[in-house]
Structures are given as structure tokens and as C-alpha cells.
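Student: I have a model open and want to learn how to read it. Where do we begin?

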Amino acid sequence: MSSPSSVPRLVIAAPSSGSGKTTVATGLMAAFAGRGLAVSPHKVGPDYIDPGYHTLATGRVGRNLDAYLCGPELIAPLFLHGARACDLAVVEGVMGMFDGAAGEGELASTAHVAKLLRAPVVLVVDASSQSRSVAALVHGFASWDPEVRVGGVILNKVSSDRHEELLREALDSAGMPVLGMLRRAPQVDTPSRHLGLVPVAERQAEAVEAVAAMAAQVREGCDLEALLGLARSAGALSGPTWEPPVTGTGERAVVAVAGGPAFTFSYAEHAELLAAAGAEVVTFDPLRDERLPDGTGGLVIGGGFPEVYAPELSANEPLREAVAALALGGAPVAAECAGLLYLCRELDGRPMCGVLDAAAHMNERLTLGYRDAVAVGDSVLAAAGTRMRGHEFHRTVVEPGAGAAPAWGVRALRRVEGFVQQGVHASYLHTHWAAGPGVAGRFVERCRTS
């Protein structure tokens with residue numbers, strides 16, 4: 001096993017979305033794990049879905065590295081935390097290599113995270129409609145920022161032996177190592193819908209097959225020894241490894257966390273922070289469980305796709321009533337995006353928990369982006385005036401969008417949103433609690449005293 005500070009690592013980037021990053025990154029993770037290596041999987045940005053496939057590929061929890069939500073200073077510590085006791089780390093990038101938070105320069109881009117991790121980059125290029133031009137494209141990405149080290153390319157969607165020959169000739173003349181050539185392979189495609197890939201929890205058997213196909217394609221088309229050698233060239237990282245602060249003493253509070261196919265969005269560090277703050281974290285499935293876990297003192301309902309499962313969620317009336325009773329009794333409830341919808345009076349006309357006097361419905365317009373937010377008043381998560389960064393990603397609308405006591409004020413948009421009532425904090429914003437470690441401690445303490 002490598003020490004965390006020197007763990008071999010690769011960042012998988014691309015010129016644009018749709019180039020094949022997820023196929024290559026997930027395939028590499030699975031291929032190296034199949035060789036018996038302990039592989040640490042990571043994803044740049046706020047995406048919750050890709051880490052599910054990474055977890056399937058490696059047997060280790062997928063972790064996000066988001067320099068906007070957590071700040072650049074936490075990227076290396078969070079990486080070191082996840083990569084502890086691993087032989088290799090593979091980091092899947094986001095969008096195009098230099099695309100980050102809008103209007104914030106390089107912040108939160110794949111290139112930014114690669115620099116923070118001192119990691120070499122493998123550029124995945126969709127070569128389906130080009131030959132010699134690929135050299136110009138790769139040269140531009142490799143030379144744009146001298147601090148980003150592009151160590152080689154993997155060419156995706158190569159159509160024939162002749163196409164491969166032309167591509168290799170072009171890149172040889174540019175002095176760029178070709179680390180892989182992947183032919184078109186429909187079997188590795190994963191289905192998408194309104195917010196991206198369908199999560200693993202909703203298609204477990206098919207997802208296992210897809211990951212196996214990705215691994216087979218990568219094993220056949222990539223030089224795994226060269227890629228491992230490149231990973232070993234990463235510079236050592238200095239500084240601390242992130243650890244959830246241990247603040248909980250005495251009797252542990254039971255915190256129920258929604259899971260199952262309808263609520264798949266959660267950062268791994270949240271459960272770790274809750275446990276360190278003194279919580280016994282118990283997962284339940286709102287689609288199937290008719291009651292909350294025994295002794296539940298607080299409830300966390302993260303993101304996911306309740307709109308897809310609205311009939312089943314609505315049909316589980318015993319659990320909806322249990323959630324409403326817990327919330328109306330003053331227990332702490334933290335709900336993000338999907339959790340917000342579940343707490344509403346109705347979702348697309350179907351009864352939900354009725355904790356919030358609001359109605360939710362699907363919408364054609366995608367709401368997407370990072371948010372710089374401030375807590376409008378005191379809540380179970382934060383004191384008034386606390387600044388947090390969040391991310392919105394949904395095609396639903398809640399009316400009204402804020403309660404009498406809103407959750408957040410969003411600076412750039414000059415609006416308030418969300419609901420704070422009794423112990424409930426419900427909002428569209430996804431936040432990363434590692435950026436505000438007091439959040440989990442505050443929540444668990446309220447679970448003890450409510």
C-alpha cells in the first residue's frame with residue numbers, strides 16, 4: 001500500500017462533455033481493481049451519479065472533489081482521506097478540462113483540481129470525426145496551462161484500423177504518448193434522462209454489466225502498465241489528511257438517512273461527519289420502509305429522483321405520516337432538493353409528507369449552477385449569517401419557493417429560497433458539510449435536545 005501523500009494517481013480529463021470520461025475513468029478503476037489493486041475513486045465537481053458507478057467498479061465509496069463547494073484548500077486533504085491505504089487513485093474530471101465555476105476563472109475545473117493534486121492528466125478525446133486534426137486539439141490542451149501536465153491521451157470512438165493508424169501518426173508527430181485506443185462499443189453505454197445518467201441504485205444488474213463492459217474495453221484498448229507508470233509520477237502531497245472532527249460524547253443520537261433508488265444523492269463525508277459528531281447513522285428506504293428506524297431523533301433526506309418515484313412514495317402513507325409526525329414534533333430534519341420535494345404537500349399532484357405548505361411539480365427548464373448563500377436565520381444546520389456554498393441541479397419548481405422563514409439568501413440572484421420551520425431546514429441547495437464541519441455537530445446536538 002502507498003502512503004496517502006504519495007499514492008499514484010491519474011486525472012481523467014477531456015476537451016468537452018460527452019468525450020467518454022466516465023467510460024474511461026470507470027473502466028480504468030474496474031480494470032485496475034480486477035488486478036487486485038486497492039483503487040480510490042474520485043469525481044471532480046458536485047455530481048452524485050458517476051461516483052455510484054465508481055463505487056461499483058472499485059468496491060470503495062466514490063468521493064467528490066469540488067473546489068467551489070469545499071474551497072481549494074480542502075481538495076488535497078479530502079483526497080488524502082479517501083485514498084488512505086490505496087495503491088492507486090483515479091479522478092474523473094468534469095465537463096471540459098478548463099471548465100469550472102462560471103465567472104470564477106479556473107476555480108473547480110478539472111485542470112484546477114489536477115494542479116491541487118499534483119497529478120498527471122490523461123486526456124480522453126472523441127476521435128470519431130477527425131484524424132490529423134487531433135494533434136492540434138491535443139497540443140492546444142497540453143500547452144494552454146504549463147502547470148497542468150498532460151501525460152498522454154486515450155482516443156475514443158476509433159472507427160477502424162486505418163483510422164487508428166492516422167491518429168497515431170498525428171500524435172507521434174506532436175510528441176504526445178497514446179495510452180489507449182477505444183473502438184465504438186454500444187454495450188458500455190449507460191442510459192440517461194433529465195438530469196444525466198440513471199443512478200446505479202435504480203439499475204443494479206444492468207450497471208454491473210455496464211461496468212464490466214467498460215473494464216473489458218479499457219483492458220483491451222489501453223496500455224495499463226504505461227498508465228500505472230504515469231500515475232506513479234505524481235508529485236507527493238504535503239499537508240494534513242482531512243478527518244471528521246470528533247465532537248460527540250455520551251449517548252449517541254439516531255439519525256435516519258433516506259436512501260434507496262429515490263434518494264441516491266449524498267456525499268460520503270456527511271455520514272462520517274454525523275458519526276463523528278455522535279450520531280448512529282441508520283439508512284432507510286422511503287419506497288419500501290413503512291416506519292422510521294427505531295429511536296430516530298433526526299432525519300436527513302438528501303437528493304435524488306422523487307419525481308420518478310412519486311407514485312410509490314405517495315403510496316407509502318405510513319412512512320409519510322411518520323415523517324410528518326417527526327417533523328411537526330420539532331425533531332431536526334435536513335432536506336436537500338429531493339428531500340425538499342418529499343416534504344411538500346404534493347409532488348405533481350400526488351400527496352407527499354405535507355410538512356411544508358408548498359406544492360412541487362416538474363418543469364421543462366433546467367436550474368443548474370453554483371450558489372453563494374448565506375443563512376437568513378438560525379436553523380438546525382447553521383446560525384444566522386453563516387455563509388455556505390451550494391449547488392442547484394433540478395427540473396422541478398416548488399411554489400412558493402420560500403417560507404416565512406427562508407433557509408438561504410442567494411447573493412448573486414438576489415433572492416431567498418427554502419424553508420426553516422421548527423426543526424426543519426429544507427432547500428434546493430446541495431451543500432458539502434466538510435466545508436462547514438460545525439453543521440453536523442449542530443444538527444446532532446439538536447437531535448439530542450429536541
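**Rings, sheets and a buried histidine**

Tutor: Begin with the aromatic rings. This is a predicted model. In it, ring pairs join Tyr48, Phe265, Tyr267 and Phe305 into a cluster.

Student: How many aromatic pairs does a search of the whole structure find?

Tutor: Eight. One of them is Phe98 with Trp144, a tilted pair. The centres are 6.3 Å apart, and the planes make 55°. Planes over 60 degrees apart would count as edge-to-face, so 55° stays in the tilted class.

Student: Which parts of the chain does that pair link?

Tutor: Distant ones, 46 residues apart. Phe98 lies in the loop between strand S4 (88-92) and helix H4 (110-117). Trp144 belongs to helix H5.

Student: Are Phe98 and Trp144 buried or exposed?

Tutor: Read the relative accessible area against the cut-offs: buried is under 20%, exposed is over 50%. Phe98 has 23%, so it is partly exposed. Trp144 has 65%, so it is exposed.

Student: What about Trp433 and Phe443?

Tutor: They also form a tilted aromatic pair. Centre to centre it is 6.4 Å, with 45° between the planes. Trp433 sits in the loop between S22 and helix H13 (438-449). Phe443 is in helix H13, 10 residues apart from Trp433. Here both values fall under the 20% cut-off, so both residues are buried: Trp433 at 3% and Phe443 at 0%.

Student: Now the sheets. In what order do the strands of the open sheet run?

Tutor: For an open sheet, read the neighbours across it, not along the sequence. The order of the seven strands is S3-S2-S4-S1-S5-S6-S7, with parallel pairing.

Student: Which strands stand at the edges?

Tutor: Strand S3 (63-65) and strand S7 (178-183). Each has a single partner strand, so one side of each lacks a neighbour in the sheet. From one strand to the next, the twist averages 25°.

Student: How do I read one pairing inside that sheet?

Tutor: Take the sense, then the bridges, then a residue pair. Strand S1 (residues 9-13) and strand S5 (residues 121-126) run parallel, over three bridges. Ile12 is opposite Val122 in S5. A helix packs on this sheet as well: H5 (residues 133-144) touches S5 and strand S6 (150-158). The direction of H5 makes about 145° with that of S5.

Student: And side chains along a strand?

Tutor: In a regular strand they alternate between the two faces of the sheet.

Student: What does UniProt list for residues 255-435?

Tutor: Read a record entry as an annotation. The unreviewed UniProt entry lists "domain: CobB/CobQ-like glutamine amidotransferase" there. In the model, residues 255-435 are 18% helix and 38% strand. The end C-alpha atoms of that stretch are 20 Å apart.

Student: Where is His394?

Tutor: In strand S17 (residues 387-399). His394 has 5% relative accessibility, so it counts as buried. The side chains of His394 and Glu392 share a polar contact of 2.9 Å.

Student: Which strands pair with S17?

Tutor: Strand S16 (residues 359-375) pairs with S17 in the antiparallel sense, over 12 bridges. There, Met362 has Thr396 of S17 as its bridge partner. Strand S22 (residues 430-431) also pairs with S17 in the antiparallel sense, over two bridges. Gly390 has Thr431 of S22 as its bridge partner.

Note on methods. Residues numbered from 1 in each chain as written. Predicted model: local features only at pLDDT ≥ 70, side-chain atom pairs only at ≥ 80, totals over all residues. Heavy atoms only, no water. Pairing = 2+ DSSP bridges. Helix = DSSP H or I, 4+ residues; strand = E, 2+ residues; numbered from the N terminus. Axes fitted to C-alpha atoms, helices over the stretch in contact; angles between N-to-C directions. Contact = heavy atoms within 4.5 Å. UniProt positions renumbered as here; feature names shortened; annotations may be inferred. Buried < 20%, exposed > 50% of the residue type's maximum accessible area, 1.4 Å probe, protein only. Polar contact = N/O pair within 3.5 Å; in protein donor to acceptor, adjacent residues only side chain to side chain. Phe/Tyr/Trp six-rings, centres within 6.5 Å; stacked < 30°, edge-to-face > 60°.
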